[in-house]
Every structure is written in structure tokens, then in C-alpha cells.
Amino acid sequence: MNERKEAMWVAVILSCFGATAETCTPAINGKLFDSKVQCEDTIADVRKYLKDNTYYSRAGCISVEKRGQDVVS
């Protein structure tokens, strides 16, 4: 039986250019990170840019946990 890998992290960003939901755009980084620190370091510059240039924004890292067991042939 293989060891279960710890959680991976994905960067998620929501940016809105007005006060209504129609102006919001979600974005997800296509890369999984090995740690929350790596993920947060990657979005630090994006977070600052969005804070300075959008009406509303939220950037963060979400834990993605592995379920079940690996199958090895």
C-alpha cells in the first residue's frame, strides 16, 4: 500500500470591476503547489495588483486533498 500524499494547494482569484456579480471573473492557477507557502508566494504580486486596480478582489489558496489510494501496477 502506498503512503497517502499530503494536501496540495491551488491558487484561486476572484476579481470584480464593479459592484455587481456580472463584473466578476474567477481564475484558477493551472498548477498545484506542494505547500501553502509556495502558493501564497505565487499570488502575492497578483493580490497587490488586484487591490490597487479592481473594485473588489479576493485571492487565496485552497487545499486539495487526495482521496483513496493509488493503484500501482
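These legends walk through several close-up views of one predicted model.

**Figure 1. The whole chain, with its helix and strands.** Let us start with an overview of this predicted structure. The protein chain has 1 helix and 3 strands. Starting from the N terminus, you will meet these elements in the order β-β-α-β. The chain counts 73 residues, and 21% of them are buried. How much surface does the protein chain expose? About 5800 Å² is exposed, and carbon and sulfur atoms supply 53% of that area. Now think about contacts in the protein chain with a separation of 6 or more: 62% of them come from residues 24 or more positions apart.

**Figure 2. The open sheet and its strand order.** This view turns to the 3 strands, which form an open sheet with antiparallel pairing. In which order do the strands of the sheet stand? The order is β2-β1-β3. Strands β2 (24-33) and β3 (56-64) are at the edges, and each has a single partner strand, so one side of each has no neighbour in the sheet. From one strand to the next, the twist averages 15°. As a reminder for reading any such view, side chains in a regular strand alternate between the two faces of the sheet.

**Figure 3. Strand β1 and its two partners.** Follow β1 (residues 8-16) here and look at each partner in turn. How many bridges join β1 to β3? There are 9 bridges, and the two strands run antiparallel. Two pairs can help you find your way: W9 has S63 of β3 as its bridge partner, and S15 stands opposite S57 in β3. With β2, strand β1 pairs over 7 bridges, again in the antiparallel sense. One pair to look for is C16 with its bridge partner C24 in β2. Strand β1 is also mostly covered, with 7 of its 9 residues buried.

**Figure 4. The helix lying across the sheet.** Which strands does α1 lie across? Helix α1 lies across β1, β2 and β3. Relative to β3, the helix runs at about 170°. Residues 36-53 make up α1, so you can trace the helix from K36 onward in this view.

**Figure 5. Two salt bridges along helix α1.** The structure holds 2 salt bridges. Side chains of opposite charge can pair when their charged atoms come close. In one of the pairs, the side chains of K36 and E40 meet, with 3.9 Å from N to O. Why are K36 and E40 separated by about one helical turn? The reason is that they are 4 residues apart in helix α1. K36 is partly exposed, at 37% relative accessible area, and E40 is partly exposed too, at 32%. The other pair joins D52 and K48, whose closest N and O atoms are 2.8 Å apart. D52 and K48 are likewise 4 residues apart in α1, which means about one helical turn separates them. Is each of these two residues exposed or only partly exposed, and what are the values? D52 counts as partly exposed at 48% relative accessibility, whereas K48 counts as exposed at 53%.

**Figure 6. S15, a buried serine in β1.** Now zoom in on S15, which lies in strand β1. Is S15 buried or exposed? S15 is buried, because its relative accessible area is 9% and the cut-off for buried is under 20%. Leaving out neighbours within four places in sequence, S15 is in contact with T23, C24, T25, L50, T54, Y56 and S57. One of these contacts, S57, also stands opposite S15 in β3.

**Figure 7. I28 on strand β2.** I28 is found in strand β2 and is exposed, with a relative accessible area of 61%. Which residues does I28 touch, not counting those up to four places away in sequence? They are V10, A11 and V12. You can also look for L14: its C-alpha atom is 8.8 Å from that of I28, and the two residues are 14 residues apart along the chain.

**Figure 8. A nonpolar patch on the surface.** Which residues make the nonpolar surface patch of about 330 Å²? L14, Y55 and Y56 make this patch. Among them, Y56 has its place in strand β3 and counts as partly exposed, at 43% relative accessibility.

Technical notes. Residues numbered from 1 in each chain as written. Predicted model: local features only at pLDDT ≥ 70, side-chain atom pairs only at ≥ 80, totals over all residues. Heavy atoms only, no water. Salt bridge = Lys/Arg side-chain N within 4 Å of Asp/Glu carboxyl O. Buried < 20%, exposed > 50% of the residue type's maximum accessible area, 1.4 Å probe, protein only. Pairing = 2+ DSSP bridges. Axes fitted to C-alpha atoms, helices over the stretch in contact; angles between N-to-C directions. Contact = heavy atoms within 4.5 Å. Areas by Shrake-Rupley, 256 points an atom, 1.4 Å probe, with all protein chains shown as cover. Patch = residues over 30% accessible without salt bridge, like charges linked within 9 Å, V, L, I, M, F, W, Y side chains within 5 Å.
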